[in-house]
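Visitor: I'd like a close look at a single part of this protein, along with whatever sits around it. Pick a piece that ties the rest together for me, and take your time.

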Amino acid sequence: IVFQFVMHENASIILSEDEIKGATLDILKKSRLGTIMICTDSQHFVWPNLKTAAKLHGWEFYSNLERKINISFGPKQFVLLQRT
């Protein structure tokens, strides 16, 4: 599953009172074990809420905030998730 430059632009639909909702929440709840989600965006303000919801529904994550080395190309913000 790939969310590429859609979360920041649609934050008002995805977030409600700082919680993930709608189709994004349904994906987190209903995806099969082993599903991988790749999220890229120009901003990262949705990531803390996405990580919280993902962890609650059995996902592990890694994002640019956890990496030690910056990459000089590609999206500035990302989150990689896998349902385990």
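Guide: First, a word on the labels: helices and strands here are DSSP runs, at least four residues for a helix and at least two for a strand, numbered from the N terminus. Counted that way, the protein has three helices and six strands. Keep in mind that this is a predicted model. Along the sequence the elements come in the order β-α-β-β-α-β-α-β-β. The part I'd pick is strand E6, residues 77-83.

Start with how covered E6 is. Five of its seven residues are buried, so the strand is largely enclosed by the rest of the structure. For scale, 38% of the 84 residues in the protein count as buried.

Next, the partners. E6 pairs with strand E4 (residues 36-41) through six bridges, and the two run antiparallel. Strand E5 (residues 59-63) is also antiparallel to E6, joined to it by five bridges. Leu80 is a handy marker for both pairings: in E4, Ile38 stands opposite Leu80, and in E5, Tyr62 stands opposite Leu80 too.

Now follow that row out to the surface. Ile38, Tyr62 and Leu80 turn up again in a nonpolar surface patch of about 430 Å², which they make together with Val2 and Ile36. Val2 comes from strand E1, residues 2-4, and is exposed, with a relative accessible area of 56%. Here the cut-offs help: a patch member needs over 30% relative accessible area, while buried means under 20%, so Leu80, being in the patch, can't be one of the buried residues of E6. As for the whole surface, about 5400 Å² is accessible, and 57% of that belongs to carbon and sulfur atoms.

Step along by one residue and the picture changes. Leu81, also in E6, is buried, at 2% relative accessible area. As a rule, side chains in a regular strand alternate between the two faces of the sheet. Leaving out residues up to four places away in sequence, Leu81 touches Thr35, Ile36, Met37, Cys39, Leu50, Ala54, Trp59, Glu60 and Phe61. Two of those contacts, Leu50 and Ala54, are buried residues of helix H3 (residues 47-56).

H3 deserves a moment, then. Its buried residues are Trp47, Asn49, Leu50, Lys51, Ala53 and Ala54. Their cover includes E6 itself, along with E2 (15-16), E3 (19-20), H2, E4 and E5. Right after H3, Gly58 takes a positive phi of about 90°. Gly58 and Leu81 are 23 residues apart in sequence, yet their C-alphas are 9.9 Å apart.

The residue after Gly58 is one more of the Leu81 contacts: Trp59, in strand E5. Trp59 is buried, with a relative accessible area of 3%. Beyond Leu81, Trp59 touches Gln82 and Arg83 of E6, and it also reaches Ile27, Leu28, Ser31, Thr35, Met37 and Ala54, again not counting residues up to four places away in sequence. Its C-alpha is 5.7 Å from that of Thr84, across 25 residues of sequence. Long-range links like that show up in the overall count: among contacts between residues at least 6 apart in sequence, 68% join residues at least 24 apart.

Leu28, on the Trp59 list, leads to helix H2 (residues 22-30), where the buried residues are Thr24, Leu25 and Leu28. Viewed down the axis of H2, these fall within an arc of 95°, so they line one face of the helix. The general reason is that an α-helix has 3.6 residues a turn, so residues three or four places apart point the same way. On the face turned away from that buried side, H2 carries exposed residues, Ala23 and Lys30.

One last stop, back at E2 and E3, both part of the H3 cover. The loop between these two strands holds Glu17 and Asp18. Most residues other than glycine have a negative phi. Glu17 departs from that with a positive phi of about 50°, and Asp18 does likewise with a value near 65°. Glu17 counts as exposed, at 77% relative accessibility, and Asp18 is exposed as well, at 61%. Set those two against Leu81 in E6, at 2%, and you've gone from the surface to the buried part of the model.

Key. Residues are numbered from 1 along each chain as its sequence is written. This is a predicted model: local features need pLDDT of at least 70, side-chain atom pairs count only at pLDDT 80 or more; totals for chains, interfaces and linings use all residues. Side-chain values use heavy atoms; hydrogens and water are left out. Patches are made of residues with over 30% relative accessible area and no salt bridge: like charges are joined within 9 Å, nonpolar side chains (Val, Leu, Ile, Met, Phe, Trp, Tyr) within 5 Å. Accessible areas come from the Shrake-Rupley method with a 1.4 Å probe; for residues, only the protein chains shown count as cover. A salt bridge is a side-chain nitrogen of Lys or Arg within 4 Å of a carboxyl oxygen of Asp or Glu. Buried means under 20% relative accessible area, exposed over 50%, partly exposed in between (1.4 Å probe, protein chains only). The arc is that of the directions from the helix axis to the C-beta atoms. Two strands pair if DSSP finds at least two bridges between them. Contact means heavy atoms within 4.5 Å.
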